[in-house]
Amino acid sequence: MLERIRALEHFNNRKKAADELTRNHIFYQLINSTDIAQLMAQYPQLDFSFVFDCHRLFLIQLEKDFFFPAPFTDILPKDSYLVNLNPAQNLLFFAGARHHLPWYQNLADKMRSYMIKEYGINARIAMSQPITHPKDLPAAFKEMEQYLMDQFFFSKNTLLSAEIPAPDITETVPETDDTLLKDIQTAIGLKDAFSVEKNLSLLLDSCKKRPNVSYIYFRFLCTNILKLLLDGLAENSGRSFESYAHLIYQSKHISEIEALLLPLVKRLSAKLEKEQDAPNYALCMVKQYIHKHYGEDLSLDILAKEVYLTPHYLSALFIEETGCGINRYIKNVRMEKAKDLLLHTNLKINDICRQVGYSNLSYFCKSFAEEFGTTPNNYRNSTSAERKPK
């Protein structure tokens, strides 16, 4: 009899673990935009009421990687589900009873206090707005990630939410600082490493010399610089920004923050100099822009502004590197696209004319005939056997 009881307990424990694994998998798929109907078809025997009952989310961000051994056992409400996303992030799904904002704030405070007391790890928690359907989960998750990125080091609240107004600290940025930040951003776009370092030095020196600058403001300013540097390095993921910003927040002196930013500045400068030295970089950007905007007005001035070059220099560089003028390249792209539309769609020729950037049908037909030796209509008729409308 005792063996049967133990076997039954073992079976129930395994089933409970399997159910939890399946449930967590479903939650993970939902926040990554998997359609609920697809999951219901995949698990026809599963009761999905736990998904449809969810009405709020917490995104719990820890200051360092940590896997919970027995997470918040005595704190979490009965009808809630904790899902581990990665070593530093967990999602808490609320089902059952709905509560007013103070209840969620109180729970967040308890969870944070528990983590600090039991493990010495600080936590920030973002809360979603009310959820009415599983399809809302991906947007809610992104919303909470943005809360953590924007407010992680500038709010004294444990719980971050659209329902809790954040302090508007951007108003405290002096005009000179804002101008220098924009100059740094522009210099990054121009691949101008010298100006990046020069404007950054001017900004930090100016800030340090002003007698009324608070340490709080200086940290805020440096996190704005941090965003620009990480954007330029293409490393501005939520986790990367938070890791560096946490170090800025924990620093005890301005020199510590400068020592943190300096390696990023050097890495960015090396990257910009390498990209600037590559002769084809600007041309690749121009070609990408043409292929993306061939249906719009394209001029040498517009393209030159996109890559921060003078029209004359861009034109000369394009011919030197490709052996073809920009206008000729644009025409080639438009003609090839027109040919593709004639072959694979049933669009009227007049509509194709507009889609590939021509406003005059006669001129479009003349250009097509010059390119391919036949009119658009004759080309379509001659390739009728090959046509496979998309």
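This report walks through a predicted model, from its confidence to its sheet, helices and cysteines.

## How far to trust it

Let's start with confidence. The chain averages a pLDDT of 82, with 85% of its residues at 70 or more. Among the helices and strands, the low end is helix α1 (residues 2-31), with a mean of 75. At the high end sits helix α15 (residues 349-355), with a mean of 94.

One stretch calls for caution: over residues 167-172, pLDDT stays under 50. The model gives that stretch five contacts beyond four places in sequence. Where pLDDT is low, the predicted coordinates should not be read in detail.

## The five-stranded sheet

Five strands make an open sheet, in the order β2-β3-β1-β4-β5, and the pairing is mixed. The edges are β2 (80-86) and β5, and each has a single partner strand, so one side of each has no neighbour in the sheet.

Now for the pairings around β1 (residues 56-62). On one side, β1 runs antiparallel to β3 (residues 89-94), joined by six bridges, and I60 stands opposite N90 there. On the other side, β1 and β4 (residues 123-127) are also antiparallel, with five bridges between them. In that pairing F58 faces M127 across the strands.

The parallel part comes from β4 and β5 (residues 159-160), which share two bridges. Here I125 has L159 as its bridge partner.

## Strand β4, covered on both faces

How many residues of β4 are buried? Five of its five. In a regular strand the side chains alternate between the two faces of the sheet. In β4, one side carries A123, I125 and M127, the other carries R124 and A126, and all of these are buried. Notice that the arginine, R124, is on that buried list too.

## Helix α7, with a buried face

Helix α7 (residues 193-209) has 17 residues, and at 1.5 Å a residue they should span 24 Å; the end C-alpha atoms are 24 Å apart, so the model agrees with the expectation. The buried residues of α7 are A193, S195, V196, N199, L200, L203, L204 and C207. Looking down the axis of α7, these buried residues fall within an arc of 165 degrees, so they line one face of the helix. The other side of α7 has F194 and K209, which are exposed.

## Two residues, buried and exposed

N24 is in helix α1, the helix with the lowest mean confidence. Its relative accessibility is 18%, and since the cut-off for buried is under 20%, N24 counts as buried. Leaving aside residues up to four places away in sequence, N24 touches L82 and V83.

A234 is in the loop between α8 (215-232) and α9 (238-250). With 67% relative accessibility, A234 counts as exposed. A234 and L268 are 34 residues apart along the chain, and their C-alpha atoms are separated by 9.7 Å.

## Cysteines without disulfides

How many disulfides does a search of the whole structure find? Zero. Take C353: the closest cysteine sulfur belongs to C365, and at 7.1 Å it is too far for a bond, given that a disulfide needs sulfur atoms within 2.5 Å.

C353 is also buried, at a relative accessible area of 1%. C324 is buried as well, with a value of 17%.

Notes. Residues numbered from 1 in each chain as written. Predicted model: local features only at pLDDT ≥ 70, side-chain atom pairs only at ≥ 80, totals over all residues. Heavy atoms only, no water. pLDDT = per-residue confidence, 0-100. Helix = DSSP H or I, 4+ residues; strand = E, 2+ residues; numbered from the N terminus. Contact = heavy atoms within 4.5 Å. Buried < 20%, exposed > 50% of the residue type's maximum accessible area, 1.4 Å probe, protein only. Pairing = 2+ DSSP bridges. Expected span 1.5 Å × (residues − 1). Arc of directions from axis to C-beta.
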